[in-house]
Amino acid sequence: MSEPNQLFYKVISTGSKGNAVIVDRILFDCGVPFKDLKKDLYNVQYMILTHRHSDHLKMQTYTSIRKLFPHIRVMANYDVAYQVPVDIISNEGIEYSLGKYIITPFANTHDVPCQGYVVQFDDLNVIYSIDTSSLENAIKLPYDYMFLESYHDEKKINMIRGKSSKYGYDAWAGAMRHLSTQKCLGFYYTNRRNKESKLIELHQSERFY
């Protein structure tokens, strides 16, 4: 999907089954089969990995990208760098200049080290944040595009609070590791540049969105 004279983006996949999103010439995460990505990789310059969970970092896909598209530079946090080789280890609050992009990582709140990213280029402010229960660490700017987790509706998830499945899984507790739609919309309305700013909701729960 693209907007005339604005930002090209493509949500290849989002959710617990796999995540991969292209924003301009940056690929965020590679948690899908390589065949689902291959045709889009010819225009990708950078790959940013948010964290090490397999629905964001599929090892076989990562290996194929590094082998067949060696020009793509990889940025990720120190925890991901323990799992796979990366070109740039991203530290929160530090600005990185990658070609035309100024990229600033910030801490997400998850059960493993996870980062969100602000990307600035061509007079656009873009934020990408997924797998987080809070945006309290997100950089406050007037954003043109926001790629934000919108996992669950708070009213729906609260209906099952205190209830576990017969297998002992607590879906409410699991959902609390993710950003609600209400918090997603609250950040959007508070930090959009204007009414034309675009929100792209990510990682929606099939059951609780």
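Is D122 buried or exposed? Keep that residue in mind as we walk through this predicted model; D122 sits in the loop between β9 and β10, and its relative accessibility comes to 54%, so it counts as exposed, the cut-off for that being over 50%. We'll come back to this loop once the strands around it are in place.

Let's start at the N-terminal end. Six strands make up an open sheet here, ordered β1-β2-β3-β4-β5-β6, and the pairing is mixed. Its edges are β1 (9–13) and β6 (88–89), each of which pairs on one side only. In general, strands of a sheet pair through backbone hydrogen bonds, and they can do so parallel or antiparallel. Look at β2 (residues 20–23) and β3 (residues 26–28) for an antiparallel example: three bridges join them. One of the matched pairs is V23 with its bridge partner I26 in β3.

Between these two strands is a loop that holds D24. This residue has a positive phi of about 60°, and it is not a glycine. That is worth a second look, since most residues other than glycine have a negative phi. D24 is also buried, because its relative accessible area is 16% and the cut-off is under 20%.

Now add a helix. Helix α2 (residues 59–68) lies across β3, β4 (46–49) and β5 (73–76), and runs at about 155° to β4.

Moving on along the chain, you meet another open sheet of six strands, this one in the order β7-β8-β9-β10-β11-β12, with mixed pairing. The edge strands are β7 (96–98) and β12 (198–202), and each of them pairs on one side only. If you ignore direction, neighbouring strands in this sheet are turned by 20° against each other on average.

Strand β9 (residues 115–121) is a good place to pause. On one side, six bridges join β9 to β8 (residues 101–107), and the two run antiparallel. Follow the register and you'll find I102 bridged to Q120, while T104 stands opposite V118. β9 also has five bridges to β10 (residues 124–129), again antiparallel, with Y117 partnered by Y128 in β10. As for its surroundings, β9 is mostly covered, with six of its seven residues buried.

That brings us back to the loop we began with. β9 and β10 form a hairpin with two residues between them, and D122 is in the turn. D122 has a positive phi of about 50° without being a glycine. So here are two aspartates with positive phi: D24 at about 60° and D122 at about 50°. Their settings can be set side by side: D24 is buried at 16%, whereas D122 is exposed at 54%.

Next, helix α6 (residues 181–191). Which of its residues are buried? They are T181, C184, F187, Y188 and N191. Seen down the helix axis, these buried residues fall within an arc of 130°, so they line one face of α6. The general spacing rule helps here: an α-helix has 3.6 residues a turn, so residues three or four places apart point the same way. Over on the other side of α6, Y189 and T190 are exposed. The cover over the buried residues of α6 includes β10, β11 (145–149) and β12.

What about the packing inside? In soluble globular proteins, nonpolar side chains tend to be buried together. The largest nonpolar core in this model has 25 residues, and I103, V126 and F147 touch the most other members. Take I103 as a way in: leaving aside residues up to four places away in sequence, I103 touches I26, I48, M75, I94, E95, Y96, L98, Y117, V118 and V119. Apart from that core lies another, of 21 residues, with A20, L27, C30 and V86 among them.

A last word on cysteines. C30 is buried, with a relative accessible area of 0%, and C114 counts as buried too, because its relative accessibility is 3%. How many disulfides are there? The count comes to zero, where a disulfide would need a pair of cysteine sulfur atoms within 2.5 Å.

Technical notes
Residues are numbered from 1 along each chain as its sequence is written. This is a predicted model: local features need pLDDT of at least 70, side-chain atom pairs count only at pLDDT 80 or more; totals for chains, interfaces and linings use all residues. Side-chain values use heavy atoms; hydrogens and water are left out. Two strands pair if DSSP finds at least two bridges between them. Helices (H or I, at least four residues) and strands (E, at least two) are DSSP runs, numbered from the N terminus. Contact means heavy atoms within 4.5 Å. Axes are lines fitted to C-alpha atoms, for helices over the stretch in contact, and angles run from 0 to 180 degrees between N-to-C directions. A nonpolar core is a set of buried Ala, Val, Leu, Ile, Met, Phe, Trp, Tyr and Cys residues joined through side-chain atoms within 4.5 Å. Buried means under 20% relative accessible area, exposed over 50%, partly exposed in between (1.4 Å probe, protein chains only). The arc is that of the directions from the helix axis to the C-beta atoms.
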